[in-house]
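Please find below a short note on the model under review. The points concern its core and the packing of selected helices.

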Amino acid sequence: MRASGVLLPVSALPSKYGIGSFSKEAFEFVDQLKRGGQRYWQILPLGPTGYGDSPYQSFSTFAGNPFYIDLEALIQEGLLSRQECDSVDFIGHPSYVEYEKIYRGKFEVLKSAFWRYQPDEDYRDFVKENAFWLEDYGLYMAIKNHLDGTSWSEWDDSLKRRDPEAVSRKREELEEDIRFVYFQQYEFAKQWGKLKKYANDQGVRIIGDIPIYVAFDSADAWSNPQLFQFDEECNPTGVAGCPPDAFSATGQLWGNPLYDWDYHKTTGYAWWIQRLRHCFKLYDVVRVDHFRGFDEYYAIPYGHETAQYGQWKKGPGLELFQAVKRELGEVEIIAEDLGYLTESVLKLVKDTGYPGMKVLQFAFDPSENSDYLPHKYSHNCVVYTGTHDNNTILGWLDEMSPHDKEFALRYMNNYHTPHHEMPWDFIRLAMSSVADLAVTPIQEFLCLGGEARINKPSTLGYNWKWRLIPGQITDEVLDKMYQMTRLYGRV
């Protein structure tokens, strides 16, 4: 069935308190999607973020980001006063998140709500049902905060290695801090559950996004070192990244620990099944980032400063997804199969049956023969004008070579479209394709330039900050969105 959706991170929603949250603006955005004929809302990973603010470097693959907790809801519950919330400086520039202000202010306000909260049966059920990850995460965050954010790899050896006596002492010593973490996760889950149910009731499904890897500085790596390629000192023997290519002469050094796939196989891939089961409670569809890493992954020796000297090694392949199917049944996964793809990667995607991704911004290269050109698509794929890692269409057009831009205009036969309206031609190209699903970042419907870019890979300082301002999505935009969606049979 043909359908379409919009990509917008939760953090980029407009809100009163400096960052998008599960507030009334999120519910209003769902209403806007419905009015615009959209049936999917794609978001970025919801995990708690640390240095660099990247949702792809989270302190936990299971936990939620406390920044997204709606303070208005806590006011309505009597856990906060409006004066307490309004007295905190959350906002600098109205179109950008200032994470330092959010970090300094949000936890201060949440702590006040926590002191007033009286645990009830729903809270106790949540803690019990999520104990398999929450207990380790709560302790990990409590210790980390107590040590001013220090990575677990620099903790005292007894804690780093999870000596039972040392861990037990810390649980007692930091009991209140741990319960504060539990409270945050309960409120996150409760509020997200309400928002997701509302979206589903309006006919809007959620596409969630999970990174293939977890961060080294995470509760996952600290509490389950056996899952990773660590030495006896709990240091990685190799880390993840990408080799040198046309975009980077030294490659990309991500630094995530690599999985010990032999160990995962002995468990029947239990941790991965647990992880995906949790994801499908949060989302209707899951986009798995860097899908090629399941076929072959790039291993960079730990300690190297670039990705130049890594090696490709075999991943678990189809066996992992067969195990997932046995345990979870038929689940909806989108395979992020971008980049250079070998025959074995293409075969893996085909064998799983999962739809892959097509990105229009990758279609118009000097060869004029890219696999991302719409006339080469099959039905079983998801087409994007661009992803969170791409510039906006207007920003991209400004950076294109004259040859590539001329080819794009020739392909679409749109020489007469005013420059500021050209994103709509690319939306039309995606919508009119045979791809079962078309997803467009909200910036393209608003014809925004490079100032609205979400992320520029391999850079720090300006990413993950852009957000909408109230009223930016107008009735005129929604009407135009609906008409184009209807025209190409995606309503």
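The numbered points below take up the core, the helix contacts and individual residues in turn.

1. Basis of the note. The model is predicted, with local features requiring pLDDT of at least 70 and side-chain atom pairs counting only at pLDDT 80 or more, while totals for chains, interfaces and linings use all residues. Residues are numbered from 1 along each chain as its sequence is written, and side-chain values use heavy atoms, leaving out hydrogens and water.

2. Nonpolar core. The largest nonpolar core (buried Ala, Val, Leu, Ile, Met, Phe, Trp, Tyr and Cys residues joined through side-chain atoms within 4.5 Å; buried means under 20% relative accessible area, with a 1.4 Å probe and protein chains only) comprises 161 residues. Helix H9 (residues 175–201) supplies its largest share, 10 residues; helices are DSSP runs of H or I with at least four residues, numbered from the N terminus. Among the residues with the most contacts inside this core are Trp-192 and Ile-442. Leaving aside residues up to four places away in sequence, Ile-442 touches Val-6, Leu-7, Leu-8, Phe-29, Trp-466, Ile-473 and Met-481, where contact means heavy atoms within 4.5 Å.

3. H6 against H9. Helix H6 (residues 131–146) packs on H9 at about 125 degrees, with the axes 8 Å apart. Axes are lines fitted to C-alpha atoms, for helices over the stretch in contact, and angles run from 0 to 180 degrees between N-to-C directions. The two helices are therefore oblique, a class holding angles that are not under 35, over 145 or from 65 to 115 degrees. Their contact includes Trp-133 and Tyr-137 of H6 and Val-181 and Tyr-182 of H9. By class, this contact has 9 nonpolar, 2 polar and 2 charged residues.

4. H4 against H9. The axes of helix H4 (residues 99–116) and H9 come within 10 Å and cross at roughly 100 degrees; H4 and H9 are therefore roughly perpendicular. Phe-107, Leu-110 and Phe-114 are among the H4 residues that meet H9, where the partners include Phe-180 and Phe-183.

5. Leu-110. Leu-110 of H4 counts as buried because its relative accessibility is 0%. Its C-alpha atom is separated by 9.0 Å from that of Phe-183, 73 residues apart along the chain. Beyond residues up to four places away in sequence, Leu-110 touches Pro-66, Ile-69, Leu-71, Leu-74, Phe-180, Phe-183 and Gln-184.

6. H16 and its end. In helix H16 (residues 402–412), the buried residues are Asp-404, Phe-407, Ala-408, Leu-409 and Met-412, and they pack against helix H17 (422–432). Just after H16, Asn-413 adopts a positive phi of about 55 degrees.

Notes: Buried < 20%, exposed > 50% of the residue type's maximum accessible area, 1.4 Å probe, protein only. Nonpolar A, V, L, I, M, F, W, Y, C, P; charged D, E, K, R; others polar.
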